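Subject: Structure for your review

Dear colleague,

Please find below the structure I promised to hand over. My notes on it follow directly after.

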Amino acid sequence: MTKTELPADDASDPQLEISKPKTWAAGLPSLTESIPRSLREMGPERSVKTLLAMNQKDGFDCMSCAWPDPPHRKVAEFCENGAKAVGWEANPLTIPQTFWAEHSVTDLQGRTEYWLGQQGRLVRPVYKPAGQDHYQPISWENAFGIIARELNALDSPDEATFYTSGRTSNEAAFEYQLFARAYGTNNLPDCSNMCHESTGKAMTETIGVGKCAISYEDFAKADLIMIMGQNPGTCHPRMLTALEEAKRAGASIVAINPLPEAGLINFKNPQRPRGLVGPGTDLADQFLQIRLAGDMALMQALCKRVLAAEEAAPGAVLDHAFLAEHCQGLEELKAHLAGLDEAEVLAATGLRSGEIDELAARYLKADKVIVTWAMGLTQHKKAVPTIKEIINLLLLRGNIGKPGAGPSPIRGHSNVQGDRTMGIWEQMPPAFLDGIQQEFGFDPPRHHGFDAVQSIQAMRDGKLKVFMAVGGNLVNAVSDTAVAEAAMTKMTLSVQVSTKLNRSHAFTGEQALILPTLGRSEIDLQSSGPQFVTVEDTVCAVHASAGRLGPISDMVLSEVAIISRLARAVLGDKHGINWAGFEADYDTLREHISHVCKGCEDYNRKVRQEGGFVLPHPPRDSRTFPTATGKAMLTVNELETIQVPAGRLLLQSVRSHDQFNTTIYSLNDRYRGVKKGRHVLFVNPEDLQELGIADGSFVDVHSEYDDGEDRVLRQFRVISYPTAKGCVSAYFPEANVLVSLEATAEGSNTPISKSVVVRLEPAPAPAPAREAATAVR
């Protein structure tokens, strides 16, 4: 196995190639891309062991997206991006001990995310002492001793924050939050703070549960599926199979997005002969190319049209029985929407009235409707009221709590939803904390802790001294990259539990530790025997996951073992919690989970059932709504549109096809026609003409806030692209530098990375790009 070598500064992308964007997804290229790559990265034996076990009932859960598994599994129950994810993790290449002497922390800061991820698996703990610029190998015992020394020296437990990502298992997540609360803090930020926090806030306030209210099977039962702010072909490709099944069953599909995404145009299913050699399946019957941040206006316009249809045919449109029995707020909503200005709607959405009329007609014709969305909706200032408007639309015709209908937020990380169920949240409700107290005999802290954005702000402002992360890459995932990097360097100690290197390992506290952990594809052997873990997918299904490969090194520990040993080093016998027992046998952890976590009763037995079990969801299961009033809430939300000054554009960050969150698998984006580069800006051709900027030229991208800071992406290449007029896109995480740390969604505090006002200023081509162009000519 080889690693890819790149220069430290590859921002010029001198070999960049641009072609036309694709109008279909998957097909034969998904096989020719994923299978040879797996064989290259893992070899034949490891490829067979991992790929054929991934997402199987007796195998391990994909470490990529949280898409649910179908009841009946195929032999190859993985997608192209899942194959890339397991190849990235299970590549047997390891970082040699000499690496740490050869590469200083300063050197790592100059490396790209892609380069860092290509260096191989971490196989032993390393420590950067204060005043030094190199990590050096350290024993596990000494590593835990350092963490214990620094945590126990703090003036308050709230001077530490404990981050986690969605790759963490339910068992590790439960143990991690238990440790943090036993230590004395609710500072438990996680990646959900930066993605679906707006969803949880909006749905909890309106229907009482902040999770998806449908099952996998509901897609094939729906009459209409509305897909908003979402790119399934790249972010959760197995969803395309469910959409194809729905289309074959007669569903109508509508895509609402600023970018035309290949996966929603046509899907060539690689598991069907037609998908390999035939024309594939056209998915979206209607594409509404909405402007960024226009979704709230669209939902209000649809609700107003539904109410108008009811007025024209009283008793024939709204689900009056459902509304009367289960909902409140209808009259207030009617009064509010009566004043909705159509001109304002059209200006906010960039759509024509006829397009909205067509969508309204589809909605009125359909008896069973699913609305599904992702981060294209959650990362706006008005994300929470936008999602509340989706709930309004569904409630009007009773599209919650019946087969084939309901709200369906699609989580992006494999177990981010399970993390929250297990207590990873800085605002867990009193009932959960009461459960901790009853089960373990100590009273956990009750005040709210720091979320992800607040943690960076607290670091910046000197309120935190110790940062620990189990998984994730917070420095590069959160907004305002330069501020996040500088904030992390103010820590007394930073600790990262990781499988591979990332940018967060290069921006450290005075002292820093990297603790290597098992991947999900690896066998987890403890003193009582082989262990399995559990995860929760996007439709609230909980199931077991057990790796198939031997550990990459005998120096690597599981996440559960790391947290257990850390807790013993920091807390000793305080509270009498059996941390050693947790490490020895994960059943002991699951027994506590069954007593504390709602819906997890008899957990050990239920997760051993074939396929696991589904957590209760009152709105979905029985049309009961655990809100403050006991009813589903139709809400009134004031429409606020973003005013973009003349000569400015509205930017969103997006993933490339060869990427999962901050993990970069290659510098290619097959569906958007980009190869060998990421420092690009997708701009509508009319906007380019109006701004006098040539396709293929270079620009500096400046975001504009009132704080006077100059946040800029320098020398990005412009690509003329069919995005919505007035809107531009750049890749995440590169574009994070443009988003102010203080720019967050109302109510959820999620970074608003999908609505950034920017100006483009012409810039010279970087020297390597000029040299490459000269050589070509």
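**Salt bridges**

A network of salt bridges links E33, R37, E80, K84, D658 and R670. Please bear in mind that the model is a predicted one. In total, the structure contains 59 salt bridges.

Several individual pairs deserve a description. The side chains of K201 and E205 form a salt bridge, with an N to O distance of 2.9 Å. Both residues belong to helix α8 (residues 197–207), and because they are four residues apart there, about one helical turn separates them. K201 is partly exposed, at 33% relative accessibility, and E205 is likewise partly exposed, at 35%.

E205 also takes part in a salt bridge with K388, where the closest N and O atoms are 2.6 Å apart. Since E205 sits in helix α8 and K388 in helix α19 (residues 383–396), this pair ties together parts that are 183 residues apart in sequence. K388 is buried, its relative accessible area being 13%.

A further pair is R352 and E355, whose closest N and O atoms lie 3.8 Å apart in a salt bridge. How do its two members stand with regard to solvent, buried or exposed? R352 is exposed, with 59% relative accessible area, whereas E355 counts as buried at 15% relative accessibility.

**Nonpolar cores**

In soluble globular proteins, nonpolar side chains tend to be buried together. The largest nonpolar core here has 64 residues, and those touching the most other members are L151, F162, F179, L513 and L515. Helix α7 (residues 170–183) is the element that gives the most to this core, contributing nine residues.

What does L515 touch, leaving aside residues up to four places away in sequence? Its contacts are P125, W140, A143, F144, I147, V495, Q496, V497, S498 and I562. A second core, separate from this one, comprises 54 residues, including M203, L337, I356 and F625.

**The six-stranded sheet**

One open sheet has six strands in the order β4-β3-β16-β15-β14-β5, and its pairing is mixed. At the edges stand β4 (136–137) and β5 (160–164); each has a single partner strand, so one side of each is left without a neighbour in the sheet. The pairing of β5 with strand β14 (residues 466–470) is parallel and rests on five bridges. Within it, T161 has F467 of β14 as its bridge partner.

Helix α6 (residues 140–152) lies across β3 (126–128), β5, β14, β15 (493–498) and β16 (511–516), and runs at about 135° to β16.

**The three-stranded sheet**

Another open sheet consists of three strands in the order β19-β20-β21, with antiparallel pairing. Its edge strands, β19 (533–536) and β21 (613–614), each pair on one side only. Between β19 and strand β20 (residues 541–545), which run antiparallel, there are four bridges. One residue pair here is T534 with its bridge partner A544 in β20.

Helix α7, already named for its contribution to the largest core, lies across β19 and β20 and runs at about 90° to β19.

**Strand pairs involving β31**

Strand β31 (residues 756–763) pairs with strand β23 (residues 649–654) in the antiparallel sense over three bridges. In that pairing, L651 stands opposite V756 of β31. Strand β28 (residues 698–703) also pairs with β31 in the antiparallel sense, over six bridges. Here D700 stands opposite E761 of β31.

**Confidence**

Where should the model be read with its confidence scores in view? The average pLDDT of the protein is 94, and 97% of the residues score at least 70. Over residues 1–10, however, pLDDT stays under 50; the model has 29 contacts beyond four places in sequence for this stretch. Residues 770–777 also stay under 50 in pLDDT, and for them the model has three contacts beyond four places in sequence.

With kind regards

Technical notes. Residues numbered from 1 in each chain as written. Predicted model: local features only at pLDDT ≥ 70, side-chain atom pairs only at ≥ 80, totals over all residues. Heavy atoms only, no water. Core = buried A, V, L, I, M, F, W, Y, C linked by side-chain atoms within 4.5 Å. Buried < 20%, exposed > 50% of the residue type's maximum accessible area, 1.4 Å probe, protein only. Helix = DSSP H or I, 4+ residues; strand = E, 2+ residues; numbered from the N terminus. Contact = heavy atoms within 4.5 Å. pLDDT = per-residue confidence, 0-100. Salt bridge = Lys/Arg side-chain N within 4 Å of Asp/Glu carboxyl O. Pairing = 2+ DSSP bridges. Axes fitted to C-alpha atoms, helices over the stretch in contact; angles between N-to-C directions.
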